[in-house]
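Subject: Structure handover

Hello,

Here is the structure I promised to pass on. Please open it alongside this note, and my findings follow below.

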Amino acid sequence: MYNHSMKKRFIFAFVSIVLPVLVALLLGEAYIRYTNEYVTPEILRSKSLQYSPSLFTRHVFATKEQHIEDKGWFINNRGYRGRDFSLKKDEGTTRVIVYGGSAVFDQEMPNGKDWPHRLESSLQEKGITNIEVINAGIPGHASFDSFGRLFAEGHLLDPDYVVLYNGWNDMKYFSDGRSLLRIFKPYNKKLDPRIEYRGVLDQVLPETSQLYVYLRGPYINWKFRIGSEGIIPTGESVNVFDNPWPQQYRVNAEMFVDLARNIDAVPILVTQARLVSQKNTEEEKALIKYDYVRMDHETLVQAFETLDEILREVASHKGIPIVEASKEMSGNSEYFTDHVHFTEAGSAEITSIISEYLHSLITE
């Protein structure tokens, strides 16, 4: 009698609880298969930019062609955005290399429309037909990465002009009191849970359940605090700059300038244009990723102004050109999709600003 009663309870529990859950899972699986693209970590990896660790920067693009079709990005076999180019420039060619992070990579623009390549076209239209501009922007790179790439490879490309355009990614370290030596870690793709499996079960389930894949992405982003620019740091917001990073930024800019001169190239510093300004509306502030720099709005405005002033002082001390893109573009929401990344109009505007400046340098 007891066993019979337990059996009935088990059947009742299965019918009332387990069975509806199974039906819901099956219906969810069917719906996801019908309405969504199937993207496992392995597929996501194939659709993402491929990086390699580097001794002098956190990472570089792998030296192979990469076609990111849905973004319209192309990485050539030397590991730079855009068409391939020879290591040795053609005789009579004026070569410009633009260094920076995702704002130089120009992530919102398809291949050929990124502003360094627009810059090349603009200068050609102005009559400088023997110009070649190389986009050396890599998402996530700060000024020390730019210096490292020029030091470890860029000089081999024999540039005539090298442009430094960094700011936002440097400020991500303002909230950390440690030195660059203590905080810097080379890239390790195995640490990215979005494109690397988290165990045997995590590797098996995506091959059988699209519902699992669909739910995995939001869960991974929530668990590891991953946003549009990688892992979001935790901790208190900062409101002072009593740490090594403004000084480090100055050293990076000075070393970039000195290295450029050592390889017989003309260094050009550009202050970073941004949406951030004292006059931002609430709608504009909603586009700014404060969490990545752990600053409130006023502190972020001050941080950008601090970096601008450092570049001006370095340029004045070294007697080199500086382009004040921040003065001409900052705070104009027409130019930005978020804090620093360009819209079509913004990409065209910074092209125009730097094109005018370079044209005058080259033809003087």
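**Helix α9**

Start with helix α9, residues 210-223. Its 14 residues should span 20 Å at 1.5 Å a residue, and the end C-alpha atoms are 20 Å apart, so the two agree. Keep in mind that this is a predicted model.

The helix still has a bend. α9 turns by about 30° at Arg-216. A proline, Pro-218, follows within four residues.

Which residues of α9 are buried? They are Gln-210, Leu-211, Val-213, Arg-216 and Ile-220. So Arg-216 marks the bend and is also buried.

Leu-211 deserves a second look. This α9 residue has 13% relative accessibility and therefore counts as buried. Tyr-31 lies 180 residues from Leu-211 in sequence, yet their C-alpha atoms are 8.6 Å apart in space.

**The sheet**

Next, find the open sheet of five strands. The order is β6-β5-β7-β10-β11, and the pairing is parallel. β6 and β11 (322-323) stand at the edges with a single partner strand each, so one side of each has no neighbour in the sheet.

How many bridges join β5 to β6? Seven do, with β5 covering residues 94-100 and the two strands running parallel. One of the pairs is Thr-94 with Ile-131 of β6.

Is β6 mostly covered or open? Strand β6 (residues 131-137) is mostly covered, with seven of its seven residues buried. In a regular strand, side chains alternate between the two faces of the sheet. In β6, both faces are covered. One side holds Ile-131, Val-133, Asn-135 and Gly-137, all buried. The other side holds Glu-132, Ile-134 and Ala-136, also buried. So β6 lacks a neighbour strand on one side, but its residues are buried.

**Positive phi values**

Most residues other than glycine have a negative phi. Here are three places to check by eye.

- Arg-225, just after α9, takes a positive phi of about 55°.
- Asp-264 has a positive phi of about 65° and is not a glycine. Asp-264 sits in the loop between α10 (245-262) and β10 (266-270).
- Arg-294 has a positive phi near 55° and is likewise not a glycine. The loop between α11 (282-285) and α12 (297-318) holds Arg-294.

Is Asp-264 buried or exposed? Asp-264 is exposed, because its relative accessible area is 68%. Arg-294 is buried, because its relative accessible area is 18%.

**A nonpolar patch**

Last, look at the surface. Leu-55, Phe-56 and Phe-151 make a nonpolar patch of about 340 Å². Where is Phe-56? Phe-56 is in the loop between β1 (51-53) and β2 (59-61). Its relative accessibility is 41%, so Phe-56 counts as partly exposed.

Best wishes

Notes:
Residues numbered from 1 in each chain as written. Predicted model: local features only at pLDDT ≥ 70, side-chain atom pairs only at ≥ 80, totals over all residues. Heavy atoms only, no water. Patch = residues over 30% accessible without salt bridge, like charges linked within 9 Å, V, L, I, M, F, W, Y side chains within 5 Å. Areas by Shrake-Rupley, 256 points an atom, 1.4 Å probe, with all protein chains shown as cover. Salt bridge = Lys/Arg side-chain N within 4 Å of Asp/Glu carboxyl O. Buried < 20%, exposed > 50% of the residue type's maximum accessible area, 1.4 Å probe, protein only. Expected span 1.5 Å × (residues − 1). Bend = angle between axes of the 7 residues up to and from the residue. Pairing = 2+ DSSP bridges.
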